[in-house]
Amino acid sequence: MKLNALLGSRPLRYAAATLILASACGSALIVSSRSGQAVSAFPALSVQGINGNHAGGPEAQIFRTVNEVSNKRLDVAITEIDKVIDTYPNFRLAHLIKGDLLLARAHPITTVGNAPGAPSDRLEDLRDEARARLARIQQQRPVDLVPRYLVQMQPEQRHALVVDTAKSTLYVFENHGGEARYVADYYITIGKNGMDKAKEGDKKTPLGVYHVTGNIPREKLHATYGKASELYGIGALPISYPNEWDRRQGREGNGIWLHGVPFDTYSRPPRASDGCVALTNEDFEVIAKYAKVGVTPVIITNGVEWASADAAKALRADIAQSIESWRRDWESLDTGKYLAHYAASFSTGKADLAQWSEQKHKVNAGKTWIKLKLDQVSVFTYPGRDDLAVVTFDQDYASSNLSNQMRKRQYWIREGGAWRILYEGAA
């Protein structure tokens, strides 16, 4: 059975009442409620191997409930789901599962969410959430790999957030000497219409490399938006959509946040926001502690591409060599060599390569020396592409007639086997 057909697709016709729950790996679990014995059951799901923040979280508890169903212990399954409800009283999915467990004592049910008269769209939302949450347990990240996007984190970037829209998951990675180490992951909600935002109001979540640009607590949300602020729950972290690459691609819209959920629910279905990334309020509070405004990267991708630490190290060295060569050639006052580091399609958003070249020739002609120092360098490759990297650094520029310091961002593209600058501007 395919993943998108889980959580009830075929009606069952048994004399005894039955319950269906589905694991993320596709096995339907069928239990007779009248006798407590299984009419039919596939092999029991294993809860071994659940680790990290999953071990004591709601997903693990739901997983244990499903496991007890597969082990023919319906009463114990009810006890397990009661534990979830006691801990998370507003968890609608847990209430739905308990309702099915209780209904199974009385009459046959054909799918998860068999309550008569219940809105079909809401039930399908909860089925989607069950699929997503169980998949997170069954398909955990490869423990020896890291997201290939996290090439180099600068010292101030203590954490990086990687959002996988395909798996309804936000991963937190910690900076260890510029390299990423896994910390935890959390269930998330994305836009109603999926991902790859292109225009205002399309209710899609963007894909790309972004940074946290603000931290809005609940009190400020209420003061600004009034009753409408209840949608965002405990707080919000705005991110930098649209970024420089989005604008180059003609992508529009704004107001993309990481935020909480309304206080009358524990969580929302996998696709329920207007394009933002929503977490449970308790998870958002944890994430907000990791986030530093203007510093913490938020990388949003549709399916994380994982890589070994050695592969990340090799890519880091390759890009670092290109950056250093660009720095040296700028210092050399050899404007031709310096400009060779720029792609033919380079643009600052205001000037193309020809205009940039004319300006640099004119500026460098009036100088006798340049000294350039780069610090706090971060490098992130772009989701869905292995030829595009976002480089950010502190630039300390000094010359015979001008000195300045700035935070700079560049987009480097690999073409013809070499990395070249596609965009350059203030960060």
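This report describes the predicted model of one protein, from its overall make-up to selected strands, helices and backbone details.

## Basis and overall make-up

The model is predicted, so local features are reported at a pLDDT of at least 70 and side-chain atom pairs count only at pLDDT 80 or more, whereas totals for chains, interfaces and linings use all residues. Residues are numbered from 1 along each chain as its sequence is written, and side-chain values use heavy atoms, with hydrogens and water left out.

The average pLDDT of the protein (the predictor's confidence in each residue, from 0 to 100) is 86, and 83% of the residues score at least 70. Over residues 1-52, however, the pLDDT is below 50, and this stretch has 120 contacts in the model beyond near neighbours in sequence, a contact meaning heavy atoms within 4.5 Å.

The secondary structure comes to 10 helices and 21 strands; helices (H or I, at least four residues) and strands (E, at least two) are DSSP runs, numbered from the N terminus. Of the 427 residues, 53% count as buried, where buried means under 20% relative accessible area, exposed over 50% and partly exposed in between, with a 1.4 Å probe and protein chains only. Among the contacts with a separation of 6 or more, 61% are made by residues 24 or more positions apart.

## Strands β6, β7, β8 and β16

Strand β6 (residues 159-164) and β7 run antiparallel and are joined by 6 bridges; two strands are taken to pair if DSSP finds at least two bridges between them. In this pairing His159 stands opposite Glu174 of β7. Strand β6 is also joined to β16 (residues 297-301), here in the parallel sense and by 4 bridges, with Ile299 of β16 as the bridge partner of Val162. Because 6 of the 6 residues of β6 are buried, this strand is largely enclosed by the rest of the structure. His159, Leu161 and Val163 are buried on one side, and Ala160, Val162 and Asp164 are buried on the other.

Strand β7 (residues 169-176) is mostly covered, with 6 of its 8 residues buried. Strands β6 and β7 form a hairpin with 4 residues between them. On its other connection, β7 runs antiparallel to β8 (residues 179-187) over 8 bridges, and Asn175 has Ala180 of β8 as its bridge partner. Strands β7 and β8 likewise form a hairpin, with 2 residues between them, and Gly177 in the turn has a positive phi of about 60°.

## The open sheet and helix α7

An open sheet of 4 strands follows the order β11-β12-β13-β15, with mixed pairing. Its edge strands are β11 (216-217) and β15 (277-278), each of which pairs on one side only. Strand β13 (residues 257-259) pairs with β15 in the parallel sense over 2 bridges, and Leu258 stands opposite Val277 of β15. Helix α7 (residues 281-290) packs on this sheet and touches β12 (235-238) and β13, its direction making about 45° with that of β12; axes are lines fitted to C-alpha atoms, for helices over the stretch in contact, and angles run from 0 to 180 degrees between N-to-C directions.

## The largest nonpolar core

The largest nonpolar core (a set of buried Ala, Val, Leu, Ile, Met, Phe, Trp, Tyr and Cys residues joined through side-chain atoms within 4.5 Å) has 46 residues, of which Leu170 and Ile287 touch the most other members. Not counting residues up to four places away in sequence, Ile287 touches Leu161, Leu170, Val172, Tyr186, Leu237 and Leu279.

## Helix α1

Helix α1 (residues 58-70) has 13 residues and reaches 19 Å from its first C-alpha to its last, close to the expected 18 Å, the expected span being 1.5 Å times one less than the number of residues. This helix is mostly covered, since 12 of its 13 residues are buried, including Ile62, Phe63 and Val66. Just after α1, Lys72 takes a positive phi of about 70°.

## Backbone exceptions

Most residues other than glycine have a negative phi, and most peptide bonds are trans. Ser168, in the loop between β6 and β7, has a phi near 50°, and this residue counts as buried because its relative accessibility is 7%. Gln376, in strand β18 (residues 370-381), has a positive phi of about 55°, and its relative accessibility of 17% is why Gln376 counts as buried. The peptide bond from Tyr241 to Pro242 is cis, with omega near 0°, and Pro242 is found in the loop between β12 and α6 (244-248).
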